[in-house]
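Here is a friendly walk through a two-chain model, meant to be read with the structure open beside you. Please keep the viewer at hand as you go.

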Amino acid sequence: MQKEAEIRDPLIIGNKTYHDITVDVARPVEGKANKQWWILFALSFSMFLWLVLAIAYTIGVGIGSWGLNKTVGWAWDITNFVWWIGIGHAGTLISAVLLLFRQKWRMSINRSAEAMTIFGVAQAALFPLIHMGRPWLMYYVFPIPNQFGSLWVNFNSPLLWDVFAISTYFSVSVVFWYIGLIPDFAMIRDRMSSKIAPMKKKLYTLMSFGWSGRAKHWQRFEEVSLVLAGLATPLVFSVHSIVSMDFATSVIPGWHTTIFPPYFVLGALFSGFAMVETLLIIMRKVLHLEAYITIKHIEYMNVIILLTGSLVGCAYITELFMAWYSGVEFEQYAFLNRATGPYWWAYASMMSCNVLIPQLYWINSIRTSFIATFILSIFVNIGMWFERFVIIVTSLHRDYLPSSWTMFSPSFIDIAIFLGTIGFFFTLFLLYSRTFPVIAQAELKTILKTSGSEYKKKLNKNNE
Amino acid sequence: MIENKKYWKGIAQLNDDPVVKKLEENEFVDKLPIDKLFEENDLSTGNTSRRDFLKFLGFTTAAASLAACEAPINKVIPYVNKPEEIVPGVANYYASTIYDGHDFASVLVKTREGRPIKIESNNTCANARVQSSVLSLYDSSRLRSPMISKVESNWDSVDKDIIKKLDEIKENGGKIAILTSTIISPTIYNLIDNFKNKYGNVVHVQKDSVSSDGILDANLDYFGIRKIPTYNFEKAEIIVSFGADFLGNFPGNTDYAKQYVEGRNPKNKKMSKHYQVESNLTLTGSNADHRIQIKPSEQAGLLSQLYRYITKKSTTIDSRISTIGKSLLESNSSIVLCNSNNKEVQLIVNAINDYLKNYDRTISIRNHTNLQQGNDQDLQNLIYEMQAGQIDALITYNINPSYILPDSDNFNKAMSNVGLTISTSKYMDETSINMDYICPDSHNLESWGDFVPYNGVCTLMQPTINPLFNTRQFQDSLLKWSQNSISYNDYLKDTYKNDWENKLHDGYFDVELEKVPLKQVKNKDLLIKNFPIKKNSNNIEFCVSEKISLGDGSQANNPWLQELPDPLSRATWDNYLTISEITAKELGLRNWNVSNGALNGDIVDLTLGDVTINNVPVMIQPGQAIGTVSMAIGYGRTNAGKCGNGVGLNVYPLINGGEVVIEKVEGVHEFAATQLHHTMMGRNIVKETTLDEYIKNPASGNDHDKFLTHEGKKRANEVSLWNKHDHETGHHWNLSIDLTACIGCASCVISCHAENNVPVVGKEEIRKSRDMHWLRIDRYFSSDMTKEVAKDQNASAIDMYSKMEDPSVNPEVVFQPVMCMHCNNAPCETVCPVAATTHSAEGLNHMTYNRCVGTRYCLNNCPYKVRRFNWFQYSDNDAFDFNMNDDYGKMVLNPDVVVRSRGVMEKCTMCLHKIQELKLTAKREGRKIKDEEAQTVCASACETNALVFGDVNDKNHTVHKLRKDERSYDLLDHLNVAPSVFYQTKIRNKS
């Protein structure tokens, strides 16, 4: 049997048995929703409806209902797109990369982190569609055989790369997530009574793909997970690299930067972990999962945030240095304008939320506090949104010819769509938390005997 | 089917239980209500099966959805008898003339299938207003029939009424007045004479919206002829203009821009030197080599001093104009001109020119212009007579006195004393609304006419379309009222019967020079008054200005003109009080940008004498002299039509200028400007040099960015990563833009609008920086802060760039037309995911509207920001109620250019449709395209030849030579986007 060093903090708190884990994980699915859930759901759902109306208005009237203009052709739309895509990254990192590195602490958070990925990518995928002037011709961007003569997509365009990157990412994430869910669905299926809830039973039976828990099933499950983890790992790096190329391959000062791919990936992980924290800290309270999502988990993530935040800070400084070092006046002005121009407040928000505030995690008491982490994670989320806003809007609004310089101000619809996607995201996440096993219980059970607090104590006593 | 079915109430009934039968014999049997159910419509016997029903359902659904899918039907009606000259799809051009009392141009009218769609110049400059008049033709706000007391009527009854009343007036010995703008048509003079013969006591008064009495009366005194001379700016070495905007708005300036630029060709190693002494920044002033700011009240004194200095009567001269005095004396030829409407001042100008022997060299009073001959005194007398009730009938033509007169209330009151008032206005304008009869004149493009704009030249006007509405041209009305049965068309033909066809074909011809007996004034000095230079007072002085776009305001209902950015302020849909930054600070007035970049300004009350104009927006204008303010006429129309009503404020009441009181009031004005940033920020965008430097080194000022490589410093195009297109074979279209020749007049912009169906988006959208102009003229002011200054002052980069944003108080101005550069390494082409924008073998960047999904990536990646996105549906949309939402307005659309729909990107095509048409013509005729045959409309509209378009592969073509010229450069050449549009450095003649 595997043993774990004593000095490692337990990952499951309390005297839990295998059955306790089953019960705890199945509780939200089997039980009734509490008041907090309903309040959150009502709020999110109304925001989602707002999104639907705002999108309908945009498509009905035109992109003119947003605040864009002849100089700033993208603003909140692509900001939101990159933000949501970035948020997704932590999920894949937790489930794939940490799996390959055999990090056990991922087990109680990977399910939700991955759900966040999928829901985040779904929000992100909305924007390339609705930001189009003629979204009903969206299929033009897919290389599908057509009868328009020799028309074909432009493989030189980073937007096309985006299409492939996002669709690949989304499908691999969904498959990976689902494979992990199969034993857990089977667990719920087995606990369901076909007399009390026949439909539910049928549904979970269907979803668990005939899982029987045989050794062969477990063996294949492990193999597939490993293979998919291997497949998903490069995606963590490729997707946001490709998204960054939307900007990096352009000629606009402030966009045309070779540092963008690693910079964007780091930023994505940074914001993704912040969002995981935001979600999990709420979820462990609402769904009573305090035993499984411990401060140790949070601390691990805080360390990653501290690391990636500092690296992102390095990237910001590098950009400034390169602008100065390049000797190109357009480049120099672009960065000077970011910091001191009319959007200095956005740059200042970005710098303080992303670089300065995460430095607080050097302090142990902040790093190991749920409340402080929750607040800081919100700051990081805001900061990362501003990072994309700064990159997109402040680069565009003053580019080469001063005659075209102008500014951007969001319209009501812009705001509605952004808040609406947050509503949509939470709607999906809240529905998920009531229908899906939010912790990968089958996996978690494998570490109960080694990382459970009571078991560790027992083990220690035996050793003595 | 149905009747075979058996319905039962219970098993007993089914089994034919006797109990049931027994029960059925009861009195009240409870039967199943089947019969009732089926008896209606006879359903029980119907033979529609369930399958039939589904078939019907399927068919109707399919039919309904098919019917719903059908595209709307637009009927195309073929000619029953095709007119000989019309070939569908082929344009016809007719020579004609545009003259509205203010602007004159001999033009070529392009018609398609009988519709005039574009106005091009024919041997004279056609300015923005003249070109826009084609849209005014299709203005649905025009009157559609004659009116009696504002009720629609018909010509017969109107004529009957009018003739009857005129006869009565004649019998009673009454007096008839005809009030017009300046008439330059010999036949109209003849017709008025005939009218006079018929009715006896007839007076004809002419009045221009902007009066030129000063110069006219001065010439009357000085030469004995009340005419404005013509100038030849090409021959002048020194040009000194005291406020005269001869490149923008000046009587008879149809060719001045062309001459001016020809006299400033650096290739000749000689350029005229242009001094402009003025208070408000005019288009002319912005082109000057030296610009001196003065207050309007100082003008007379300075001119007087200049005169005394030149004639050596005195040696004192104001330091501001001392170089002018010296260079005038040293020069061989010069022109001095002035915008003053004061006879005494203009006499000084005449004396200076006379002393410098400019008459008959650079200024010709013999070849005078007939434009602008109005006489304010005549009008004043007329108003007195009207007030006294001595006028019995008033006929107006081409004039809107209730709008253009400073004291229009007075005129309106006087008019109420006139028994019979007849307007021939095309609109129910400010004057016509108070008149008894309106006999709407036809538009220029629907009329016949003859004009003598200059002594010795006659031009003809011919209709290019039948009158759209029930209108009749003024000349026909005059003939009718003179009870002459001949039509004006025949009358005109009779007048010019020799070689009529050719004259009409050419549109202009020479006529015998009217011999002008010039009066020889013996002691001219006696005419000259001496003006002292006024002590600098702290009072703020006001003078009016006139915009390139709206001019005198007669075309205020033209949305193209309303949306044409002012060349200097770049504002649209507005007039405003321009003020120097320093004066604004003193008065506590501000301009600022709001969160979407749009410009806001403070509001003031402006009082001049006893006239107060409330809520005047203030715009800080670099170049406006300190202590002066200025505002454009032509705005504030109340009866212009839906586009022109209520746009801006009417400053005709202040036309004579003077000292004003400015009082800040509560409120904010929202401007709609297409350019919000005014300096080049130290960037090498407009490259410029001086003439001296140019002569030493023709490539001076034309520095190219070079980059360090392992093989030494190289230009961007020498280290390209791009796969080169083959542009050696076939055509390679290029456009050269000479920044020395571009005066910023914006004719090319309007020309582009007309040709390419560029939509009008309205003030709100312009404010959101969403103008749709394919061609814009960037205007940059110089700043006091430059990189050199920053180095000297050791200023930080932040400090330098923030100061660079502020233009100088007296800035140098540059104009730079920017359209799609048609890059050969186009950043837009690589980023479009659907390949909607692609490169042509002829070096053009194509835009496929059908394919565009509207990601706007191309717009973002365009370093020149020339791409325009259709944010909304701009045609057939009530939210954009301009010409494209109007059945008449839509007739101006060019059928060769598609009207773009919502959600697609658009941009300059380099008039691809014209190139294609030309190629097809050449192919059909089995020949090559000739030199200069291919033209974009911007290039053909450019009177100063600043824009030259052509095939750069053609070694003999001018554009090929221009490409090789030392002055030529690519905008942002360090990006190596290899644009097909290139610029020629700006050269100033300054020391």
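## A hairpin to start with

Strand 17 and strand 18 of chain B make a hairpin with 2 residues between them, and G456(B) in the turn takes a positive phi of about 100 degrees. This is a predicted model, in which local features need pLDDT of at least 70, side-chain atom pairs count only at pLDDT 80 or more, and totals for chains, interfaces and linings use all residues. Residues are numbered from 1 along each chain as its sequence is written, while chains are lettered from A and ligands numbered from 1 in the order in which they are written.

Strands here (E, at least two residues) and helices (H or I, at least four) are DSSP runs, numbered from the N terminus. In the hairpin, strand 17 (residues 449–454) and strand 18 (residues 457–461) of chain B run antiparallel and are joined by 4 bridges; two strands count as paired if DSSP finds at least two bridges between them. G449(B) has M461(B) in strand 18 as its bridge partner. Strand 17 of chain B is largely enclosed by the rest of the structure, because 5 of its 6 residues are buried. A residue is called buried if 20 or more other C-beta atoms lie within 10 Å of its own, exposed if 12 or fewer, and partly exposed in between, with C-beta atoms placed from the backbone.

## The rest of chain B

Strands of a sheet pair through backbone hydrogen bonds, either parallel or antiparallel. A parallel case in chain B is an open sheet of 4 strands in the order 11-10-9-12. Its edges are strand 11 (290–293) and strand 12 (334–338), each pairing on one side only. From one strand to the next the twist averages 10 degrees, taken between axes that are lines fitted to C-alpha atoms, with angles running from 0 to 180 degrees between N-to-C directions. Strand 10 (residues 273–278) pairs with strand 11 of chain B over 4 bridges in the parallel sense, and Q276(B) stands opposite R291(B) of strand 11.

Stepping back, chain B has 31 helices and 42 strands. Its C-alpha trace spans about 145 × 100 × 70 Å along the principal axes. Of its 991 residues, 53% count as buried. Among contacts in chain B with a separation of 6 or more, 74% are between residues 24 or more positions apart; a contact means C-beta atoms, placed from the backbone, within 7 Å.

## Two bent helices in chain A

The expected span of a helix is 1.5 Å times one less than its number of residues. A bend is the angle between axes fitted to the seven residues ending at a position and the seven starting there.

| Helix of chain A | End-to-end C-alpha span | Bend | Buried residues |
|---|---|---|---|
| Helix 3 (residues 76–100) | 36 Å | about 35 degrees at L93(A) | 23 of 25 residues |
| Helix 13 (residues 370–397) | 40 Å | about 30 degrees at V390(A) | 20 of 28 residues |

For helix 13 of chain A, the span agrees with the expected 40 Å. Just after helix 3 of chain A, R102(A) has a positive phi of about 60 degrees.

## Where the chains meet

The contact between the chains takes 45 residues from chain A and 50 residues from chain B. On the chain A side, helix 5 (158–191) and helix 10 (329–340) each supply at least two residues, and helix 10 gives the largest share, 4 residues. By class, this side of chain A has 24 nonpolar, 17 polar and 4 charged residues. Here Ala, Val, Leu, Ile, Met, Phe, Trp, Tyr, Cys and Pro count as nonpolar, Asp, Glu, Lys and Arg as charged, and the others, Gly among them, as polar.

Notes: Contact = placed C-beta atoms within 7 Å.
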